[in-house]
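Here is a short report on one protein chain. It moves from the whole chain to ring pairs and then to backbone angles.

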Amino acid sequence: MQEDSKTKKIKYWKKIFIWSAIILTFYTVCGFFILPPVLKSISAKKLSENLHREVAIEDIKINPYKLSMTIKGFVVREPDGSKPFASFDSLYLNLQIISALKLGLIVKELRIDRPYVHIVRKDETHFNFSDLLKEKDSEKKEPSKPIRFSLGNIQISDASADLSDIPKNKTHKITDVQVTIPFLSNFQYHTKINVEPSFRAKINGTPFSSQGKTKPFAESLETVFDVNIRDFNIPYYLSYLPFKRNFEMSSGFLDTRVKLSYLQWKNRKPALTLTGSITLKKVAVEDKKGDPLLTLPKLDVFIAPSGIFSGKLNI
């Protein structure tokens with residue numbers, strides 16, 4: 001009787017082992033080899049149908065053990081297929097298994113390399129993406145509940161954009177964009193944060209940078225941003241002023257080295273404090289006839305701590 005009992009136990013555990021091995025093998029084969037090409041084909045087809053634009057995906061890789069996915073060579077073309085409208089070299093996201101328990105999308109890490117977008121402003125209200133904003137159905141639908149999400153350690157590297165403003169006859173190039181965002185969420189969830197908020201870019205050749213630091217354990221919950229701009233070409237943007245100018249600016253550059261500090265206390269109103277320096281240089285302003293109105297080789301403005309919300313500016 002004891003031998004029969006031992007034999008049954010051995011057979012039972014043997015079945016458990018065999019079925020576990022079969023399930024693990026199936027999970028591995030599906031995750032690594034079957035799901036990626038199927039997902040690639042379906043995603044490209046459905047996106048092309050919904051966007052009415054050619055969509056191509058070079059490759060999709062999935063690691064079922066890390067719950068990670070990498071999408072490479074993603075391109076959305078203009079409606080006529082002439083050039084890319086939006087693209088990125090690669091997108092990596094690392095899900096957390098707790099997403100199923102939280103009934104929401106929880107991403108531990110999100111990385112996007114070399115994203116690009118081409119925007120054309122055709123007139124005052126129409127862009128080259130206006131067709132994507134039109135509602136397909138005029139019938140009223142019940143509003144759906146927003147998807148719960150939590151995105152941590154967001155990193156965007158080497159992003160760029162080309163903007164063509166036809167009404168203003170201007171073109172803008174944004175290059176070398178680097179962005180890190182520690183956390184974005186629409187529900188409460190805590191994850192391990194490995195990055196600090198930052199933004200760097202060149203806008204029409206002008207370097208722009210902003211570095212943030214947060215003190216999550218301080219009573220004030222202080223968040224500080226350093227905003228640095230160098231050689232901002234003022235005349236290039238004067239056409240965007242909302243009024244008609246009776247002057248011309250042939251030259252003028254702006255530098256900033258300012259610090260924005262946001263404080264949020266428990267029992268006090270929040271405060272936004274500005275401090276730092278602003279420099280105007282090589283400013284030359286003329287009237288419509290070309291006669292000089294103002295020449296300013298350099299002007300340094302030093303700002304002592306000033307409360308923005310209270311409307312106080314200390315120079």
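## Overall build

Buried residues account for 30% of the 315 residues in the chain. The model is predicted. Three helices and 13 strands make up its secondary structure.

The chain is not a compact globule by the radius rule: its radius of gyration is 28 Å, while a compact globule of 315 residues would have a value near 20 Å. Along the principal axes, the C-alpha atoms fill a box of roughly 110 × 55 × 40 Å. Of the contacts between residues at least 6 apart in sequence, 51% join residues at least 24 apart.

The exposed surface comes to about 22000 Å². Carbon and sulfur atoms supply 61% of that area. Charged side chains number 49 positive and 33 negative. The centres of these two sets lie 7 Å apart.

## Aromatic pairs

A pair of aromatic rings is described by the distance of the centres and the angle of the planes. The structure holds nine such pairs. One of them joins Phe32 and Tyr65; the centres are 5.9 Å apart, the planes meet at 55°, and the pair is tilted. Phe32 belongs to helix α1 (residues 2-51), and Tyr65 sits in the loop between β1 (55-63) and β2 (68-77), so this pair ties together parts that are 33 residues apart in sequence. Phe32 is partly exposed at 31% relative accessible area. Tyr65 is also partly exposed, at 49%.

Phe127 and Phe129 form a stacked pair, because their planes lie at 20°, with ring centres 5.1 Å apart. The cut-off for stacking is under 30 degrees. Phe127 is partly exposed, with 26% relative accessibility.

Which residues do ring pairs link into a cluster? They are Tyr27, Phe32, Phe33 and Tyr65.

## Positive phi

Most residues other than glycine have a negative phi. The table lists two residues with a positive value.

| Residue | Phi | Strand | Relative accessibility |
|---|---|---|---|
| Asn153 | near 50° | β6 (residues 149-165) | 3%, buried |
| Asp231 | near 60° | β10 (residues 223-233) | 34%, partly exposed |

Why does Asn153 count as buried? Its relative accessibility is 3%, and buried means under 20%. Asp231 has 34%, which falls in the partly exposed range between 20% and 50%. Both residues lie in strands: Asn153 in β6, Asp231 in β10.

Technical notes:
Residues numbered from 1 in each chain as written. Predicted model: local features only at pLDDT ≥ 70, side-chain atom pairs only at ≥ 80, totals over all residues. Heavy atoms only, no water. Helix = DSSP H or I, 4+ residues; strand = E, 2+ residues; numbered from the N terminus. Rg over C-alpha atoms; globule rule 2.2 N^0.38 Å. Buried < 20%, exposed > 50% of the residue type's maximum accessible area, 1.4 Å probe, protein only. Contact = heavy atoms within 4.5 Å. Areas by Shrake-Rupley, 256 points an atom, 1.4 Å probe, with all protein chains shown as cover. Lys, Arg positive; Asp, Glu negative; His and termini not counted. Charge placed at Lys NZ, Arg CZ, Asp CG, Glu CD. Phe/Tyr/Trp six-rings, centres within 6.5 Å; stacked < 30°, edge-to-face > 60°.
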